[in-house]
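Me: Could you take a close look at one part of this model for me, the packing and what sits around it? I'd like one connected walk-through, with the cut-offs spelled out as you go.

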Amino acid sequence: MTEPTRYMTASVELPLWLELEPVPVDGCDVCGALAREREAARIAGDGSKVSDCNVEIRRHPHGKNEAWS
Ligand SMILES: [Zn+2]
């Protein structure tokens with residue numbers, strides 16, 4: 001007798017933006033400002049603004065580490 005493993009299918013009720021949320025880079029003013037904007041949009045319930053900020057944070061380039069010391 002085979003039983004399906006139920007614990008594998010346990011769904012966590014997280015909003016999609018929470019899973020996809022990028023972390024702002026420490027010391028980056030642009031990311032920090034976007035993160036604050038994102039929080040404000042979240043409090044305001046503006047989901048599309050939240051995801052806009054997420055996209056911008058994720059796309060913000062940080063390839064040049066020598067700029068941040
Ligand atoms: Zn940045």
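Reply: Here is a look at one helix pair and its surroundings.

First, the ground rules: this is a predicted model, where local features need pLDDT of at least 70, side-chain atom pairs count only at pLDDT 80 or more, and totals for chains, interfaces and linings use all residues. Residue numbers start from 1 along each chain as its sequence is written.

The chain has 3 helices and 0 strands, running α-α-α from the N terminus. Helices here are DSSP runs of H or I with at least four residues, strands are E runs of at least two, and both are numbered from the N terminus.

The pair to look at is α2 (residues 29–43) and α3 (residues 47–59), which pack at about 165° with their axes 8 Å apart. The axes are lines fitted to C-alpha atoms, for helices over the stretch in contact, and the angle runs from 0 to 180 degrees between N-to-C directions. That angle makes α2 roughly antiparallel to α3; the label goes to angles over 145 degrees, while under 35 is roughly parallel, 65 to 115 roughly perpendicular and the rest oblique. The crossing of the two is left-handed, meaning the near helix is turned anticlockwise from the far one by less than a right angle (clockwise would be right-handed).

Who does the touching? From α2 come Cys31, Leu34, Ala35, Glu37, Arg38, Ala41 and Arg42, and from α3 come Lys49, Val50, Cys53, Asn54, Glu56 and Ile57. Contact means C-beta atoms, placed from the backbone, within 7 Å. Sorted by class, that gives 7 nonpolar, 1 polar and 5 charged residues (nonpolar is Ala, Val, Leu, Ile, Met, Phe, Trp, Tyr, Cys and Pro; charged is Asp, Glu, Lys and Arg; the others, Gly among them, are polar).

The largest nonpolar core has 6 residues: Cys31, Leu34, Ala35, Val50, Cys53 and Ile57. Both α2 and α3 put in at least two of them. A core like this is a set of buried Ala, Val, Leu, Ile, Met, Phe, Trp, Tyr and Cys residues joined through C-beta atoms within 7 Å. Buried means 20 or more other C-beta atoms within 10 Å, exposed means 12 or fewer, and partly exposed is in between. Across the chain of 69 residues, 12% are buried.

Now zoom in on Leu34. Leaving out residues up to four places away in sequence, Leu34 touches Pro24, Cys53, Glu56 and Ile57. Asn54, in helix α3, has its C-alpha 7.9 Å from that of Leu34, although the two are 20 residues apart in sequence. Asn54 is partly exposed, because 18 other C-beta atoms lie within 10 Å.

Just past the pair, His60 sits in the segment after α3. Its contacts, again skipping residues up to four places away, are Cys28, Val30 and Cys31. His60 and Cys31 are 29 residues apart in sequence but 7.4 Å apart C-alpha to C-alpha. With 14 C-beta neighbours inside 10 Å, His60 is partly exposed, whereas Pro61, with 7, counts as exposed.

How values were computed
Two residues are in contact if their C-beta atoms, placed from the backbone, lie within 7 Å.
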